[in-house]
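Q: Could you walk me through how the two chains in this model meet?

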Protein chains: 2
Amino acid sequence: MRTAVLLMISAAACAAQQYMPDGRMMFPADYREWIYLSSGLGMTYDKSMNMGEPSFDNVFVNRAAYNSFLHTGTWPDKTVMVLEIRSSLSRGSINQGGHFEDELQGVEVHVKDGKWAFYEFGKAQAPAKIVPQTASCYSCHEKSGVVDTTFVQFYPTLLKLAKEKGTVKEGGER
Amino acid sequence: MRTAVLLMISAAACAAQQYMPDGRMMFPADYREWIYLSSGLGMTYDKSMNMGEPSFDNVFVNRAAYNSFLHTGTWPDKTVMVLEIRSSLSRGSINQGGHFEDELQGVEVHVKDGKWAFYEFGKAQAPAKIVPQTASCYSCHEKSGVVDTTFVQFYPTLLKLAKEKGTVKEGGER
């Protein structure tokens, strides 16, 4: 219980998103200890891009935003979603088929801080500039994200909740 | 009986594993809020079994065990690892290739409580009996798990740590 209280205090004291004085976002170094949402392998909205070994994507969200989603079915301000991209391997140890995860390839972050913004972190994990609002990620999320411009249609546990709460965009279910 | 179970839960407070008076393990209902380790798609050690649509597996571990692993590179007593199995979909919403996760198919749990034990939970998530120690999961984990009979070779962030700590079984790397 004492540990839980201490964790609550440190979580409140340290927001999931931190910025440099010049506005760049700092790499959210502890995202692997956030709440996991779901994974994909080789997901693409353009079949012609799907060449070579497929990559995994793993999605995480900060715990405070997740807890809020459980109650409301949508995202509060200060939500930080992390898309982790990893290469895949097929043969290794006793595995004889399918794919498992290997090297980190990149991290993309979607932050709701007033409005939604994207940041792309390379493997160096240095502070990242905001992706310009004219980039296609914004218009695609706006058009196809079913809950508050996010792809909850690919997060099965949250999709179920959002349906119950009635927060799925009309015509937006997969 | 109900009172007895509730008393047991409150007495054990924060333990990730809880048992019924008859020894069955209770479903770890909050495992989706534990630490995520990695995922696989269609993984198999028997090629002939890999038919039809592949399933995803997502692995989680309780936070206390994870924190201990960060320091030691191996698992403490009271470690609970959860293997969540989900069906996959390929077409849906804007997705045109690859796979994303869908319905829960089952949950298997590996618990270190004195010694390691397996429990298999169906979709009903009812309390589960221990899998007999003669089952092949025990001998396979014993033979091929590279850290303390667990498949850390498939969890890239932990594998890196275990190598640094020197806890990977000799000849056991993938």
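A: One term to begin with: a salt bridge here is a side-chain nitrogen of Lys or Arg within 4 Å of a carboxyl oxygen of Asp or Glu. This is a predicted model, in which local features need pLDDT of at least 70 and side-chain atom pairs count only at pLDDT 80 or more, while totals for chains, interfaces and linings use all residues. Residues are numbered from 1 along each chain as its sequence is written, and side-chain values use heavy atoms, with hydrogens and water left out.

Q: OK, how many salt bridges are there across the interface of chain A and chain B?
A: By that rule there are 0 salt bridges across the interface of chain A and chain B.

Q: And how many residue pairs are in polar contact there?
A: The rule finds 17 residue pairs in polar contact across the interface, both residues at pLDDT 80 or more; a polar contact is a pair of N or O atoms within 3.5 Å, where within protein one must be able to donate a hydrogen and the other to accept it, and residues adjacent in sequence count only if both atoms are side-chain atoms.

Q: How many residues are in contact, then?
A: Counting contact as heavy atoms within 4.5 Å, 44 residues of chain A touch 44 residues of chain B.

Q: Which surface do the copies meet through?
A: They meet through the same surface, because 98% of the interface residues of chain A are also interface residues in chain B.

Q: What rotation superposes chain A on chain B?
A: A rotation of 180 degrees with 0.0 Å of shift along its axis does so, at RMSD 0.0 Å, by least squares on the C-alpha atoms of residues with pLDDT of at least 70 in both copies. The two copies are therefore related as by a two-fold rotation axis.

Notes
Chains are lettered from A and ligands numbered from 1 in the order in which they are written.
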